[in-house]
Amino acid sequence: AEAMACYATLKPLALLPFQDNYVAMSAATASLPSDRLVHVVCRLDGALAGYHSFVLSGRTMHCLSGAFDRTRHSTFHAYEALIVESLRFALEHGVRDIDYGAVLNETKAKMMGAFTRTELRIYSRFAVVRTAMRSVIGRSKVRPETFAPFTGIEVASDD
């Protein structure tokens with residue numbers, strides 16, 4: 001509950017259909033009884049500052065969810081601490097790769113050793129849905145131009 005409360009402090013740039021259910025999905029996944037789930041939390045003065053949950057798959061850890069308490073005037077490098085602790089866990093448990101998900105901020109970008117290009121594709125037989133999604137994505141944090149400064153990946157134009 002404490003980790004899920006971090007989501008209420010976030011200010012999304014775009015409201016997408018799944019967001020009303022995201023906290024419930026994250027809570028359900030994070031509370032599954034499984035030895036393949038890894039939860040890394042950062043506390044400041046006893047209070048939760050942020051968390052990341054991962055699932056182990058073979059020798060890879062995949063980030064499932066994570067959030068930080070944005071009501072604090074600073075998280076005092078909680079993001080960096082979570083990344084370092086997840087690396088420490090990986091080294092101690094024979095994990096070869098960690099997938100931290102999309103890189104949307106400079107802190108995360110500076111701590112990553114490599115980037116894998118991925119694509120987001122939206123399919124619909126309805127032109128209105130395709131047009132609406134282009135508009136939503138074009139204004140959101142998942143637009144290609146947002147990733148480019150952090151990854152060094154050249155953004156192709158639509159021309």
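# Close-up views of a predicted model

Phenylalanine 126 is partly exposed, with 45% of relative accessible area. That value, like everything in these legends, comes from a predicted model.

**View 1. Phenylalanine 126 and its nonpolar neighbours.** To find phenylalanine 126, look in the loop that links helix H4 (106–111) to helix H5 (127–138). Which residues make up the nonpolar patch on the surface here? They are Phe126, Val128 and Val129, and together they have about 270 Å² of accessible area.

**View 2. Stepping back to the whole protein.** Before going further in, here's the general layout. The protein has six helices and four strands, and reading along the sequence gives the pattern α-α-β-β-β-α-β-α-α-α. Of its 159 residues, 29% count as buried. The accessible surface adds up to about 10900 Å², and carbon and sulfur atoms own 56% of that. How much of the contact count comes from residues 24 or more positions apart? Taking the contacts with a separation of 6 or more, such residues account for 51%.

**View 3. The hairpin of E1 and E2.** Strand E1 (residues 37–44) and strand E2 (residues 47–57) run antiparallel, and eight bridges join them. Two pairings are handy for finding your way: arginine 43 stands opposite leucine 48 in E2, while valine 41 has tyrosine 51 as its bridge partner there. The two strands make a hairpin with two residues between them. In that turn, look for aspartate 45, which has a positive phi of about 55°. As for the side chains, those in a regular strand alternate between the two faces of the sheet.

**View 4. Strand E2 and its other partner, E3.** Is strand E2 largely enclosed or largely open? Nine of its 11 residues are buried, so E2 is largely enclosed by the rest of the structure. Besides pairing with E1, E2 is joined by eight bridges to strand E3 (residues 60–68), and E2 and E3 run antiparallel. Phenylalanine 54 stands opposite cysteine 63 in E3. E2 and E3 form a hairpin too, with two residues between the strands, and glycine 58 takes a positive phi near 65° in it.

**View 5. Two cysteines, and a search for disulfides.** Are cysteine 42 and cysteine 63 buried or exposed? Cysteine 42 is buried, at 11% relative accessible area. Cysteine 63 comes out at 23%, which makes it partly exposed; the cut-off for buried is under 20%. How many disulfides turn up when the whole structure is searched? The count is zero.

**View 6. A salt bridge from helix H1 to strand E1.** Side chains of opposite charge can pair when their charged atoms come close. The count of salt bridges in this model is three. One of them is between glutamate 2 and arginine 43, whose closest N and O atoms are 3.1 Å apart. What does this pair tie together? Glutamate 2 lies in helix H1 (residues 2–5) and arginine 43 in strand E1, so the pair ties together parts that are 41 residues apart in sequence. Glutamate 2 is partly exposed, at 40% relative accessible area, and arginine 43 is partly exposed as well, at 44%. You've already met arginine 43 as the residue opposite leucine 48.

**View 7. A salt bridge within helix H3.** Arginine 88 forms a salt bridge with glutamate 85, and their closest N and O atoms are 2.9 Å apart. Where do these two residues sit? Both lie in helix H3 (residues 78–92), three residues apart, which is about one turn of the helix. Arginine 88 is partly exposed, with a relative accessible area of 41%, and glutamate 85 is also partly exposed, at 35%.

**View 8. Arginine 96 and aspartate 97.** The closest N and O atoms of the salt bridge between arginine 96 and aspartate 97 are 3.0 Å apart. Arginine 96 counts as exposed, at 57% relative accessibility, whereas aspartate 97 counts as partly exposed, at 35%.

**View 9. The loop around alanine 102.** Alanine 102 is found in the loop between strand E4 (97–99) and H4. At a relative accessible area of 43%, alanine 102 is partly exposed. How far is its C-alpha atom from that of lysine 141? The separation is 10.0 Å, for two residues that are 39 residues apart along the chain.

Conventions
Residues are numbered from 1 along each chain as its sequence is written. This is a predicted model: local features need pLDDT of at least 70, side-chain atom pairs count only at pLDDT 80 or more; totals for chains, interfaces and linings use all residues. Side-chain values use heavy atoms; hydrogens and water are left out. Two strands pair if DSSP finds at least two bridges between them. A disulfide is a pair of cysteine sulfur atoms within 2.5 Å. Buried means under 20% relative accessible area, exposed over 50%, partly exposed in between (1.4 Å probe, protein chains only). Patches are made of residues with over 30% relative accessible area and no salt bridge: like charges are joined within 9 Å, nonpolar side chains (Val, Leu, Ile, Met, Phe, Trp, Tyr) within 5 Å. Accessible areas come from the Shrake-Rupley method with a 1.4 Å probe; for residues, only the protein chains shown count as cover. A salt bridge is a side-chain nitrogen of Lys or Arg within 4 Å of a carboxyl oxygen of Asp or Glu. Contact means heavy atoms within 4.5 Å.
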